[in-house]
Amino acid sequence: MLVQADASKKDPILAFLKSEPEFNLFMIGDILNYGFDSDFQKIYINNELNQVVLIFHDTMLIYATNQLDIKEIVELFHQHQCTQIMGKAKLTEELIEELGLDYVRILSTFYKSEEKIAIPNNRCRVAKVEDVEKILDGLCATEELKHMYHNRDAQQKMITKRILNNEGIHVFIENNGKIISHINSTATTSSGCLIGGLFTLDEYRRQGLATECLKTLCASLGEKGIVPCAFTNNEIVKAVLVKNGFKAIGTWSIIGRK
């Protein structure tokens, strides 16, 4: 049976999640940053503490080392009006069957950086709050990413909060007042983070701009002892990651509406 956890369970939950820290960066970062009392985040565990379900706004994250309580998780999904579920691929196979034909499961390769990168001399700069609108313009103009930014107001608030609270770094290259290439970190802990939002506008591709942004961000993170991870099903992004020292360590999945 899944029950809502409170702050008294923080340490054992984090210890459990840190058994596979790379795959649980979202949950570890969210617990450290937002705790157990926020309106937009709820955490559920079972009595044995071998299942954790975290709901962050409309996203559900799952992790378990045993059989999932499928029906309870699906009930929580609908109760909290979630729109997607994220977790290791092997944990989501039965969930997609229970959710039914209205949902689809997208599999992505999960990567971890295994090389230290020196900061390159380049045109990249770190975003400030006043850059958020331009960042969103670029994300929404990128075919591979725009489906993730249908709720622009919510995404604007999230990116603004990330920058203001130092929860992640946005790095970009600009041309004539327009962001043409970009990447960001998120779910940052003392030892790791996830990176995403990697794009270069169509007319500026094949100039090494994405690599420039990636190297700049990874070098900055490496100076702080933070190891970047990423997941993607985009073959171009996969090639950029592998070229720059990322190794595949597993498979990640996202369940969402068709």
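In this report a residue is called buried when its relative accessible area is under 20%, exposed when that area is over 50%, and partly exposed in between, with a 1.4 Å probe and protein chains only. The structure is a predicted model, in which local features need pLDDT of at least 70 and side-chain atom pairs count only at pLDDT 80 or more, while totals for chains, interfaces and linings use all residues. Residues are numbered from 1 along each chain as its sequence is written, and side-chain values use heavy atoms, with hydrogens and water left out. Helices (H or I, at least four residues) and strands (E, at least two) are DSSP runs numbered from the N terminus.

**Positive phi values**

Most residues other than glycine have a negative phi. Asn166, which lies in the loop between helix H6 (152-164) and strand S8 (170-175), has a positive phi instead, and this residue is exposed, with a relative accessible area of 67%. His57 also takes a positive phi, and at 39% relative accessibility His57 counts as partly exposed. The table lists these two residues with two glycines that follow helices.

| Residue | Place | Phi |
|---|---|---|
| His57 | loop between S3 and S4 | near 55° |
| Asn166 | loop between H6 and S8 | near 55° |
| Gly100 | after H4 | near 100° |
| Gly245 | after H8 | near 90° |

**Strand S3 and its neighbours**

Strand S3 (51-56) is mostly covered, since six of its six residues are buried. In a regular strand the side chains alternate between the two faces of the sheet. On one side of S3 the buried residues are Gln51, Val53 and Ile55, and on the other they are Val52, Leu54 and Phe56. Two strands are said to pair if DSSP finds at least two bridges between them. Strand S2 (residues 41-46) pairs with S3 in the antiparallel sense over five bridges, and Ile45 stands opposite Val52. The hairpin of S2 and S3 has four residues between the strands, and there Leu49 takes a positive phi near 50°. S3 and S4 also run antiparallel, joined by six bridges, with Met60 in S4 as the bridge partner of Ile55. Their hairpin has two residues between the strands, and His57 takes its positive phi there.

**Helices H4 and H8**

In helix H4 (residues 89-99), Ala89, Leu91, Thr92, Leu95, Ile96 and Leu99 are buried. They cover an arc of only 130° around the axis (taken from the directions from the helix axis to the C-beta atoms), which puts them on the same side of H4. Lys90 and Glu97 are exposed on the other side. Counting a contact as heavy atoms within 4.5 Å, the elements that cover the buried residues of H4 include helix H3 (70-79) and strand S12 (246-257).

In helix H8 (residues 235-243), the buried residues are Val237, Lys238, Val240 and Leu241. Seen down the axis, these fall within an arc of 165°, so they line one face of H8, while Glu235, Ile236 and Lys243 are exposed on the face turned away. Among the elements covering the buried residues of H8 are strand S10 (192-200) and S12.

**Glu212 in helix H7**

Glu212 is found in helix H7 (residues 209-223), and with a relative accessible area of 16% Glu212 is buried. Leaving out residues up to four places away in sequence, Glu212 touches Pro120, Asn122, Arg123, Cys124 and Ile173.
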